Amino acid sequence: MTEKENWIELEKQYFLPTSKRLPITLVRGEGTRVWDLDGREYLDFVAGIAAVSLGHCHPEVVGAIERQSRELMHTSNYYYTIPQVKLAKLLCDSSGLDKVFFCNSGAEAVEGLLKIARKWGKEKRDGSFEIIVAEDAFHGRTLATVTAAGNEKYRAPFTPLVEGFVRVPFNDVQAIKKATTGKTAAVLLEPLQGEGGVNVPDDDYLPQVRGWCDEAGILLMLDEVQTGVGRTGKLFAHQHYRIEPDAMAVAKALGGGFPIGAFLAKDHCAVLGQGEHGTTFGGNALACEVGYTVLTYMLKHDLPSQVAKKGDYIERKLHSLADRRPMITEVRGKGLIWALELDRPVAEEIMGVCSEEGLLVNNVKPTALRFIPPLTVSEDEIDRAIEIVDRVLARFEAGGPK
Ligand SMILES: *Cc1c(COP(=O)(O)O)cnc(C)c1O
């Protein structure tokens with residue numbers, strides 16, 4: 001048995017089989033590239049699901065881990081540590097929100113938003129508790145966040161679910177208005193749906209939802225776990241629309257590959273008081289020093305503007321690819337999150353063939369391929385990735401995968 005087969009066999013033996021993996025064992029990364037056990041190189045347009053924001057093993061991220069892990073990694077929140085206070089100030093100052101809570105993942109961050117909505121509704125809106133969410137949304141895999149999400153498959157095995165979610169179509173403000181009642185506490189949305197297929201709403205959607213939430217006296221909570229921290233060409237995606245949420249969840253890109261999450265709230269709905277929420281690892285000094293380093297680097301180098309420029313570049317390239325390849329029916333995205341919609345459900349197969357050709361992309365739907373490279377990706381790397389996709393699609397159009 002080769003070493004590669006050995007790791008794959010061991011995984012089968014010891015893991016709950018929840019992950020569908022490609023037969024690739026990655027051992028090293030640098031920038032947009034990763035290498036497997038056999039030394040094969042791949043362009044990584046998955047980037048740990050939009051988490052590896054500064055590219056693999058970015059020297060500043062590695063430096064922060066080295067430095068902080070020698071000083072102090074974890075203390076619990078019984079004490080103050082400097083990295084978490086520094087990151088809290090930077091996140092609030094750069095988002096316009098007032099208060100933060102640190103956790104370890106996106107799902108935990110959204111879970112925090114849900115608790116804010118419940119407590120705020122109880123105290124400030126006559127015991128209201130319902131949260132309006134969108135079809136095709138993704139908010140994580142805890143029991144409450146799968147309930148909030150659109151994907152029936154993620155929920156069905158786990159009933160009974162958490163009560164109080166009302167689902168409406170995405171990009172439809174009238175549906176939100178109709179669903180709002182005296183029981184509604186909040187609307188929870190992704191500014192652009194990532195896992196649901198890279199669904200970009202109309203430009204007036206979020207401003208209209210904001211207007212409605214103000215009129216109805218309910219909270220607008222945004223899940224910026226995938227879109228936040230530079231991905232769409234603004235530091236936070238809602239900034240494209242010149243609106244502010246009442247509360248927001250972030251994670252993925254904030255850690256540059258290291259796990260961290262956070263939820264933030266405006267003072268008027270920062271209702272969680274002493275003892276009402278907590279975490280052992282959340283906000284530990286190591287994760288916060290890394291988050292502080294990533295966010296500082298992004299702001300110092302104005303990465304969001306660079307992402308916007310690269311976004312224009314990849315958009316042009318994907319459109320010209322779509323002109324050449326008739327099986328592409330739609331190109332959609334913003335900044336550095338893009339999807340190609342295909343005329344047939346072969347995205348998974350194409351993902352596999354692309355990986356054999358040295359490109360990692362993923363199938364966000366049976367008919368859609370997603371591109372979420374590190375925010376530091378170069379135009380040359382974008383060209384090379386698109387060349388590979390072009391070649392692979394040409395083969396599919398010619399009648400077969402190989
Ligand atoms: C990835 C994601 C989550 C869940 O984050 P985890 O870190 O996997 O828990 C929640 N919301 C959105 C929009 C995401 O893309």
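Cysteine 354 is buried, because its relative accessible area is 0%, and buried means under 20%. This value comes from a predicted model. Cysteine 92 is buried too, because its relative accessibility is 12%, again under the 20% limit.

Now look for disulfides. The structure has 0 of them. Take cysteine 92 as a case. The nearest cysteine sulfur belongs to cysteine 288, and it is 12 Å away. A disulfide needs two cysteine sulfur atoms within 2.5 Å, so cysteine 92 is in no disulfide.

Next, turn to the ligand. Start with Ser105, Gly106 and Ala107, which are among the residues around it. Further along the chain come Phe138, His139 and Gly140. Glu190 is also part of the group. Then find Asp223, Val225 and Gln226. Lys252 completes the list. Sorted by class, this shell holds 5 polar residues, 3 nonpolar ones and 3 charged ones.

Zoom in on the oxygen atoms of the ligand. Two contacts involve the protein backbone. At glycine 106, a backbone N or O atom lies 2.8 Å from a ligand oxygen. At alanine 107, a polar backbone atom is 2.8 Å from an oxygen of the ligand. Lysine 252 uses its side chain: an N or O atom there is 2.6 Å from a ligand oxygen.

How much of the ligand's accessible area does the protein cover? On its own, the ligand has 380 Å² of accessible area, and the protein covers 81% of that.

How values were computed: Residues numbered from 1 in each chain as written. Predicted model: local features only at pLDDT ≥ 70, side-chain atom pairs only at ≥ 80, totals over all residues. Heavy atoms only, no water. Buried < 20%, exposed > 50% of the residue type's maximum accessible area, 1.4 Å probe, protein only. Near = heavy atom within 4 Å. Polar contact = N/O pair within 3.5 Å; in protein donor to acceptor, adjacent residues only side chain to side chain. Areas by Shrake-Rupley, 256 points an atom, 1.4 Å probe, with all protein chains shown as cover. Nonpolar A, V, L, I, M, F, W, Y, C, P; charged D, E, K, R; others polar.
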